[in-house]
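Student: I would like to learn how to read a fold from its sheet, its cores and its ring pairs. Could we work through one model together?

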Amino acid sequence: MQAVIVAGGKGTRLRPFTLQTPKPLLPLLELSFLEWMIGRCRDAGLVDILLNVGYLGEKIESHLQTGEQFGVKIRYVRETTPLDTAGSLVLAKPFFTGEPLVVFNADILTDLNLKEVMAAHEASGAIASLTLTRVEDITAFGLVEIDDDNRILAFREKPSAEEAATISTDTINAGTYVLDPSIFDAYPEGEPLSFERRVFPGLLEDGKPMNAYIHSGYWRDLGTPRSYYQGQLDLLTGALQETSFLSGAEARSPGIWVHPTATVDASAKLEAPCYVGSDCKLGASAELPAGTVVTARCWVDKRLEPGVYAPGTLAV
């Protein structure tokens, strides 16, 4: 199978973080989301990766290059104008090998088992498999209805609170798909195309079999500042069991993670959960309250005198 990572969006909900940095390169602790995603693909055997870029795409290409340093091959699908959620797949057709495509949104933090998803798709005989997850508040999402055999029956818009009281469906699109590449043959290149509004409903209308894989583990959309921050806390507390973001940091006590190259004075006060990154220095007067993430090369210490700080010091 081939992997396709859709990473061309502007990340407007995450501004101002995304004014200078494309959303998929924002770090979680000290590892960018895209580096983590590429590692997940490699570990699942997906080493041929098509990466859609648009907004600040040159920064993504400069950072990841050919992918050789990650043990994969990356080729870039460049959007010159926004093409919605699926338009980049039409642009990518010259790179298709005929194998199924494993498609990822570049802002979903999850412990989804990719090998299981791929195997379930092959066993289903479906033209498309969508990963779904269950949510408590269905009014915030479009819904996907399925039958007892996990076949997809319908897609529904976000319900109102009144409608939600009468609906038993609680499954939503979890942002990872396995698709037959022939799905995109009918669509012209260079025009906006939406998975949610055209591609997936169109397959149902044409009677094409669509399968659902229900994910019951960790799942988070990182698209807002609050959720982006919470995702990092989840890594520190173990709500998501994923150590690659910790970059070799050690747990000094439960929830307090310190990189081995960091220097922390014995008198510094750290409250869990918190993270101290590589080459950081925490002085005797440093205090990190719960929920603090200090990334690489920061110096945290006391204020020297009113209004005056040592160069490179974060006063607390």
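Tutor: We will go through the sheet, the helices, the nonpolar cores and the aromatic rings in turn, keeping in mind that this is a predicted model.

Student: Let us begin with the sheet: in what order do the seven strands of the open sheet run?

Tutor: A sheet is read by walking from one strand to its pairing neighbour. Here the order is S5-S4-S1-S6-S11-S8-S12, and the pairing is mixed. The edge strands, each paired on one side only, are S5 (73–78) and S12 (210–215), and from one strand to the next the twist averages 30°.

Student: Which strands pair with S11, and in what sense?

Tutor: Strand S6 (residues 101–105) pairs with S11 in the antiparallel sense over four bridges, while S8 (residues 128–134) pairs with S11, also antiparallel, over six bridges. Individual bridges fix the register: on the S6 side, Leu 101 stands opposite Leu 179 and Phe 104 stands opposite Thr 176, whereas on the S8 side Thr 133 has Ile 172 as its bridge partner.

Student: Why can S11 be called largely enclosed by the rest of the structure?

Tutor: The argument rests on burial, which here means a relative accessible area under 20%. Eight of the nine residues of S11 (residues 171–179) are buried, so the strand is largely enclosed by the rest of the structure.

Student: Which strands does helix H4 lie across, and at what angle does H4 run to S12?

Tutor: For a helix on a sheet, one asks which strands are touched and how the directions compare. Helix H4 (residues 114–124) lies across S6, S8, S11 and S12, and runs at about 155° to S12. Helix H6 (residues 195–205) also packs on the sheet, touching S6, S8, S11 and S12, with a direction that makes about 70° with that of S11.

Student: Turning to the nonpolar cores, which residues touch the most other members of the largest one?

Tutor: The largest nonpolar core has 49 residues, and those touching the most other members are Ile 5, Leu 51, Leu 64 and Phe 104. Of the elements that supply it, H1 gives the most, with six residues. Helix H1 (residues 33–43) is itself mostly covered, eight of its eleven residues being buried, among them Phe 33, Trp 36 and Met 37. Leaving aside neighbours within four places in sequence, Ile 5 is in contact with residues including Leu 34, Met 37 and Ile 38, as well as Leu 51 and Phe 104.

Student: And how does one read the aromatic pairs?

Tutor: A pair of aromatic rings is described by the distance of the centres and the angle of the planes. The count here comes to eight aromatic pairs. In one of them, the rings of Phe 155 and Phe 200 have their centres 6.1 Å apart and their planes at 15°, so the pair is stacked. This pair links distant parts of the chain, since Phe 155 lies in strand S10 (residues 152–156) and Phe 200 in helix H6, 45 residues apart.

Student: Are Phe 155 and Phe 200 buried or exposed?

Tutor: Phe 155 is partly exposed, with a relative accessible area of 27%, whereas Phe 200 is buried, at 1%. Phe 200 also forms a stacked pair with Phe 195, at 5.0 Å centre to centre and 20° between the planes, and both of these residues are buried. Ring pairs link Phe 155, Phe 195 and Phe 200 into a cluster with Phe 96, Tyr 177 and Phe 184.

Technical notes:
Residues numbered from 1 in each chain as written. Predicted model: local features only at pLDDT ≥ 70, side-chain atom pairs only at ≥ 80, totals over all residues. Heavy atoms only, no water. Buried < 20%, exposed > 50% of the residue type's maximum accessible area, 1.4 Å probe, protein only. Helix = DSSP H or I, 4+ residues; strand = E, 2+ residues; numbered from the N terminus. Pairing = 2+ DSSP bridges. Axes fitted to C-alpha atoms, helices over the stretch in contact; angles between N-to-C directions. Contact = heavy atoms within 4.5 Å. Core = buried A, V, L, I, M, F, W, Y, C linked by side-chain atoms within 4.5 Å. Phe/Tyr/Trp six-rings, centres within 6.5 Å; stacked < 30°, edge-to-face > 60°.
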